[in-house]
Amino acid sequence: MASSSTPLTPLLYSCIAHHTTILSECTTSASSQTSSLASLILPKIGHDSPQKLTYTHGSHHIHYMSEAPSEHADNPSAGGLTFLVIADSSLGRRVPFGFLFEIRKRFFGEFGAATADFADMPNYGAGSFNAELKNLMVEFGTTSSGRDDAITNVQREMDGVRSIMTRNIESLLERGERIDLLVDKTDRLGGSAREFHVRSRGLKRQMWWKNVKLMTLLIVVVILIIVAIVIAVKNAAG
């Protein structure tokens, strides 16, 4: 869950996984849908060859880079790794992929691409890297220097992101999984509707009390005027 002390960043969720086992992750978004998207996509990612791919889902873009054993002859387990980030679509692709290049470099620097047995790691077996993910998500997502670094990474590592294929997530998911996403979206919309209903009811109650107070004040004023007239008439008659 996103911490209240985490600055808002368009990099919403990131994880490093070995096949479907999440080794490290961080979310800066209060929405649970980001991690749900990741859990749906990870089983679909192949490792026969290295991949760089973007999936679109509404206002979210899911970017990932997957390793392949052919890239890691000395340690085939590293070939099952995926580096993934979910970002706001307004961020484009350069910054997210620059971020992915950076976390890949730092992750291998900390755990050793040639020595660590990633296949033997349990869920969150690289949890010590979570803080690094969070710091980079904030830096690359909110600071101009971080975004400049991300773009530099992309330019250094590949000719351009135009060659990265972009697909709609609907083409990836089975019918049942699409329903799961729809239900999740419906639940969030339902929660918003309930919140709106509660706020509307509270506002109506406040307006009702305000009207009651105003009517009471008017009645008191009218009574005072009548009393004043009666006293004035009596004094004139006496």
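Two strands pair if DSSP finds at least two bridges between them. In this predicted model, one such case links strand E1 to strand E5, where the bridge partner of Leu11 is Ala87 in E5. The chain holds five helices and six strands. Read from the N terminus, the order of its elements is β-β-α-β-β-β-α-α-α-β-α.

**The chain as a whole**

- The chain has 238 residues, and 39% of them are buried.
- Among contacts in the chain with a separation of 6 or more, 66% are between residues 24 or more positions apart.
- About 13700 Å² of the chain is exposed, and carbon and sulfur atoms supply 57% of that area.

**Strand E1 and its two partners**

- Strand E1 covers residues 11–18, and eight of its eight residues are buried.
- One partner of E1 is strand E5, residues 81–88; the two run antiparallel and are joined by seven bridges.
- Leu11 and Ala87 are bridge partners in this pairing.
- Another partner of E1 is strand E2, residues 21–27, also in the antiparallel sense, with six bridges.
- Between E1 and E2, Cys15 has Glu25 of E2 as its bridge partner.

**The turn between E1 and E2**

- E1 and E2 form a hairpin with two residues between the strands.
- His19 sits in the loop that joins E1 to E2.
- The phi angle of His19 is near 55°, which is a positive value in a residue other than glycine.
- His19 has a relative accessibility of 40%, so it counts as partly exposed, given that this class lies between 20% and 50%.

**A second positive phi: Tyr124**

- Tyr124 is not a glycine, yet its phi is positive, at about 60°.
- The loop that holds Tyr124 runs between helix H2 (94–111) and helix H3 (130–142).
- Tyr124 is partly exposed, because its relative accessible area is 45%.

**Gln51 in strand E3**

- Gln51 belongs to strand E3, which spans residues 51–57.
- With a relative accessible area of 25%, Gln51 is partly exposed.
- Beyond residues up to four places away in sequence, Gln51 touches Ile45, Gly46, Tyr64, Met65 and Ser66.
- One of these residues, Tyr64, is also joined to Gln51 by a polar contact of 2.6 Å between the two side chains.
- Gln51 and Thr82 are 31 residues apart along the chain, and their C-alpha atoms are separated by 9.2 Å.

**His60 in strand E4**

- His60 is a residue of strand E4.
- His60 counts as buried because its relative accessibility is 12%, and the cut-off for buried is under 20%.
- Leaving aside neighbours within four places in sequence, His60 is in contact with Leu12, Gln33, Thr34, Leu37, Tyr55, Ile86 and Ala87.
- Ala87, one of these contacts, is also the residue of E5 that is the bridge partner of Leu11.

**Ser77 in the loop before E5**

- Ser77 is placed in the loop between strand E4 (60–66) and E5.
- Ser77 has a relative accessible area of 11%, so it is buried.
- Not counting residues up to four places away in sequence, Ser77 touches His18, Ala116, Asp117, Phe118 and Ala119.
- A polar atom of the Ser77 side chain lies 3.3 Å from the backbone nitrogen of Phe118.

**A nonpolar patch on the surface**

- Leu214, Met215, Leu217, Leu218, Val221, Ile225, Ile229 and Val233 make up a nonpolar patch on the surface.
- Together, the residues of this patch have about 740 Å² of accessible area.
- Leu214, one of the patch residues, lies in helix H5, residues 175–237.
- Leu214 counts as partly exposed because its relative accessibility is 48%, and exposed would need over 50%.

Key: Residues numbered from 1 in each chain as written. Predicted model: local features only at pLDDT ≥ 70, side-chain atom pairs only at ≥ 80, totals over all residues. Heavy atoms only, no water. Buried < 20%, exposed > 50% of the residue type's maximum accessible area, 1.4 Å probe, protein only. Helix = DSSP H or I, 4+ residues; strand = E, 2+ residues; numbered from the N terminus. Polar contact = N/O pair within 3.5 Å; in protein donor to acceptor, adjacent residues only side chain to side chain. Contact = heavy atoms within 4.5 Å. Patch = residues over 30% accessible without salt bridge, like charges linked within 9 Å, V, L, I, M, F, W, Y side chains within 5 Å. Areas by Shrake-Rupley, 256 points an atom, 1.4 Å probe, with all protein chains shown as cover. Salt bridge = Lys/Arg side-chain N within 4 Å of Asp/Glu carboxyl O.
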